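Open the model in your viewer and keep the sequence panel beside it. This tour goes from one selection to the next and says what you will find at each.

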Amino acid sequence: MATLPAGRDKYRSFLDDEADSVQWRHGGPPTYDVVNQLFEQGRTKEWEEGSLEETVQNAIKTWEMELSHKVRLQDFKSINHENFNLIVNAWESLVIEGREGLKGEEALKMGSYNALLKNSLPKEFQYYKADEESFESSHEAFRSAFPRGFAWEVIHVYSGPPLIAFKFRHWGIFEGPFKGHAPTGEKVEFYGIATVKVDEGLKVEEVEVYYDPAQLFGGLLKGAPISISSSPTQDASACPFHSPS
């Protein structure tokens with residue numbers, strides 16, 4: 001996979017391209033300084049510049065940035081617009097959607113959190129009800145829980161393009177309330193396996209992700225229950241998910 005063009009963020013591309021024509025969700029390109037610091041302090045791997053591992057890591061961060069911060073699919077430069085498909089825990093995708101995966105416009109409408117966290121459990125057993133969350137509410141929930149962002153790294157790359165397989169780690173510091181649970185100040189993390197299929201132009205055609213959401217929610221639901229009225233007000237401009245990576 002070729003190295004993507006560098007921008008003002010050393011881990012993400014296309015933040016400065018066509019600034020006047022791209023429609024950004026919050027009026028302009030996001031900044032990732034805070035979550036980049038979390039990433040650099042907490043990563044377990046430091047890949048050589050230009051290596052396959054670094055290239056894959058930065059490419060996924062770029063795709064996630066576009067999914068979280070660009071309003072129109074036509075402005076995405078990291079994916080093949082016509083063929084893109086997102087599959088999460090394939091059996092869940094098949095049960096929920098009646099088919100495997102979400103097309104580009106569907107993933108964009110739902111947002112990264114809802115796309116990754118939908119599940120087929122009965123409602124009373126769902127710790128996160130993705131179908132009751134909007135794009136905005138889902139991102140706000142995780143911005144609240146992880147004020148410094150939700151960092152992401154590649155642990156190992158098993159194969160190169162056109163079908164890239166890799167292991168990843170996702171983590172944040174639980175420093176703000178989440179869905180009525182008080183912060184613990186502890187690190188919350190989970191691991192997963194993913195494949196990315198790219199076309200001849202190295203644009204992403206398919207992302208397939210496998211992970212256990214219980215690893216994530218085990219840490220978030222560990223916080224003591226709190227009333228909504230006692231939750232501190234969160235700054236809506238705080239860096240998302242990664243949205244932040």
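Helices (H or I, at least four residues) and strands (E, at least two) are DSSP runs, numbered from the N terminus. With that in mind, please select helix α2, where Ala-59 sits. This is a predicted model, in which local features need pLDDT of at least 70 and side-chain atom pairs count only at pLDDT 80 or more, while totals for chains, interfaces and linings use all residues. Residues are numbered from 1 along each chain as its sequence is written, and side-chain values use heavy atoms, with hydrogens and water left out.

**Stop 1: Ala-59 and the whole chain**

Burial here is graded by relative accessible area: buried means under 20%, exposed over 50%, and partly exposed in between (1.4 Å probe, protein chains only). Ala-59, at 14%, is buried. Now add Tyr-11 to the selection: its C-alpha atom is 8.2 Å from that of Ala-59, although 48 residues separate the two along the chain.

Zoom out for a moment. The protein chain has seven helices and six strands, in the order α-α-β-α-β-α-α-α-β-β-β-β-α along the sequence. Of its 245 residues, 50% are buried. Contact means heavy atoms within 4.5 Å; among contacts with a separation of 6 or more, 67% are between residues 24 or more positions apart.

**Stop 2: helix α6**

Next, select residues 135–145, the helix α6. How many of the 11 residues of α6 are buried? Eight are, so the helix is largely enclosed by the rest of the structure. Colour them to see the set: Phe-135, Ser-138, His-139, Ala-141, Phe-142, Arg-143, Ser-144 and Ala-145. The cover over these buried residues includes α2 (52–69), α4 (104–110), α5, β4 (163–173) and α7 (213–220).

Stay on α6 and show Glu-136, which is partly exposed at 49% relative accessibility. A salt bridge is a side-chain nitrogen of Lys or Arg within 4 Å of a carboxyl oxygen of Asp or Glu. Glu-136 makes one with Arg-25, with the closest N and O atoms 4.0 Å apart. The pair links distant parts of the chain, since Arg-25 belongs to the segment before α1 (33–42), 111 residues from Glu-136. Arg-25 is partly exposed too, at 23%.

**Stop 3: more charged pairs**

The structure holds 14 salt bridges. Select Glu-153 and Arg-169, whose closest N and O atoms are 2.9 Å apart in a salt bridge. This pair also links distant parts of the chain, with Glu-153 in strand β3 and Arg-169 in strand β4, 16 residues apart. Both Glu-153 and Arg-169 are buried. Then move to Lys-70 and Glu-66, another salt bridge, with 2.7 Å between the closest N and O atoms; these two residues are buried as well.

**Stop 4: the loop between β5 and β6**

Select Asp-199, in the loop between β5 (187–198) and β6 (204–211). Which side chain of opposite charge is nearest to Asp-199? Lys-203 is, at 7.0 Å, and the buried Asp-199 has no salt bridge. For that comparison, Lys and Arg count as positive and Asp and Glu as negative, with His and the chain ends not counted. Show the backbone nitrogen of Gly-201 too: a polar atom of the Asp-199 side chain lies 2.9 Å from it. Leaving out residues up to four places away in sequence, Asp-199 touches Asn-80 and Glu-205.

The loop between β5 and β6 also holds Leu-202, with a positive phi near 65°. Leu-202 is partly exposed, at 29%.

**Stop 5: backbone geometry**

Most residues other than glycine have a negative phi, and most peptide bonds are trans. Select Asn-89, in the loop between β1 (85–88) and α3 (90–97): its phi is positive, near 45°. At 16% relative accessibility, Asn-89 counts as buried. Then go to Pro-162, in the loop between β3 (151–159) and β4. The peptide bond leading to it from Pro-161 is cis, with omega near 15°.

Note on methods. A polar contact is a pair of N or O atoms within 3.5 Å; within protein, one must be able to donate a hydrogen and the other to accept it, and residues adjacent in sequence count only if both atoms are side-chain atoms.
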